[in-house]
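Work through these exercises with the model open beside you. Try each task before you read its solution.

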Amino acid sequence: MKKFGLVLLLIIAFVGGIIGYRHVTSNQGYEATMTNAHNALNKQNWSDAKFYYQEAQKEKKSVEARTALDQLVYAIRADKSANKGDWQDALDWYHTAKVVDGAVDLVNENIDVAVRKVKTSRASSEAKVSSSKAASVASSKAASASIAASQSKAASEAAASSRKAAELSSSVAAFC
């Protein structure tokens with residue numbers, strides 16, 4: 001009976017060791033996946049972060065991964081809008097991502113960085129458009145001035161030509 005108890009104890013210890021090992025290695029895998037997700041977030045690489053959060057959810061369900069996935073869907077849409085130059089739409093999507101119920105602080109911090117980039121890009125784009133419009137208006141004014149000068153010169157030449165014709169006409173009349 002002692003041998004049976006000893007064998008049973010060894011079997012239980014062996015099975016417990018296997019279960020413990022699997023638990024530890026699965027937690028290490030989960031932690032590594034979450035670290036990769038956080039690194040992707042810090043680079044505002046929303047697609048990679050989404051991939052890693054999905055992998056983390058497969059390994060172990062967590063509120064952070066689920067909520068971050070919800071936020072990243074909107075962040076990806078915002079990036080697409082920003083790439084198209086639709087600044088306001090991008091800002092709206094980023095705002096939607098930030099107000100997801102239970103929003104993840106790390107995601108929100110990186111969304112704030114992305115929002116600043118979008119606002120900077122929008123301001124730069126608007127400045128280019130303004131300077132382009134100003135250049136266009138200046139060019140238009142210059143063209144109008146050039147046309148007016150040409151018309152004025154043509155009118156002067158026509159008047160001079162008319163005077164010469166009148167002088168010739170009067171000298172011909174005096175000669176006759």
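A nonpolar patch is made of residues with over 30% relative accessible area and no salt bridge, whose nonpolar side chains are joined within 5 Å. Keep in mind that this is a predicted model.

**Exercise 1. The surface patch**

Task: Find which residues form a nonpolar patch on the surface, and place I19 in its helix.

Solution:
- Step 1. The patch consists of V7, I11, F14, V15, I18 and I19.
- Step 2. Together they have about 560 Å² of accessible area.
- Step 3. I19 lies in helix α1, which covers residues 2-42.
- Step 4. Exposed means over 50% relative accessible area. I19 has 54%, so I19 counts as exposed.

**Exercise 2. The overall fold**

Task: State how many helices and strands the protein has, and what share of its residues is buried.

Solution:
- Step 1. Count the elements: 5 helices and 0 strands.
- Step 2. Read along the sequence. The pattern is α-α-α-α-α.
- Step 3. Of the 176 residues, 22% count as buried.
- Step 4. Turn to the surface. The accessible area is about 12,200 Å², and 59% of this belongs to carbon and sulfur atoms.
- Step 5. Now take the contacts between residues at least 6 apart in sequence. Of these, 55% join residues at least 24 apart.

**Exercise 3. Sequence distance and space**

Task: Work out how far apart S47 and I76 are in sequence and in space.

Solution:
- Step 1. Locate S47 in helix α2, residues 46-59.
- Step 2. Along the sequence, S47 and I76 are 29 residues apart.
- Step 3. In space, their C-alpha atoms are 6.9 Å apart.
- Step 4. Check the surface state of S47. Its relative accessibility is 47%, so S47 counts as partly exposed.

**Exercise 4. Salt bridges**

Task: Find how many salt bridges the whole structure has, and describe the pairs E55 with K58 and K98 with D112.

Solution:
- Step 1. Start with the principle. Side chains of opposite charge can pair when their charged atoms come close.
- Step 2. A search of the whole structure gives 2 salt bridges.
- Step 3. In one, E55 pairs with K58, and the closest N and O atoms are 3.2 Å apart.
- Step 4. E55 and K58 are 3 residues apart in helix α2, so about one helical turn separates them.
- Step 5. E55 is partly exposed at 25%, whereas K58 is exposed at 65%.
- Step 6. K98 pairs with D112, with the closest N and O atoms 2.5 Å apart. This pair links distant parts of the chain: K98 is in helix α4 (residues 87-98) and D112 in helix α5 (residues 105-175), 14 residues apart.
- Step 7. K98 is partly exposed at 29%. D112 is partly exposed at 28%.

Methods:
Residues are numbered from 1 along each chain as its sequence is written. This is a predicted model: local features need pLDDT of at least 70, side-chain atom pairs count only at pLDDT 80 or more; totals for chains, interfaces and linings use all residues. Side-chain values use heavy atoms; hydrogens and water are left out. Helices (H or I, at least four residues) and strands (E, at least two) are DSSP runs, numbered from the N terminus. Buried means under 20% relative accessible area, exposed over 50%, partly exposed in between (1.4 Å probe, protein chains only). Contact means heavy atoms within 4.5 Å. Accessible areas come from the Shrake-Rupley method with a 1.4 Å probe; for residues, only the protein chains shown count as cover. Patches are made of residues with over 30% relative accessible area and no salt bridge: like charges are joined within 9 Å, nonpolar side chains (Val, Leu, Ile, Met, Phe, Trp, Tyr) within 5 Å. A salt bridge is a side-chain nitrogen of Lys or Arg within 4 Å of a carboxyl oxygen of Asp or Glu.
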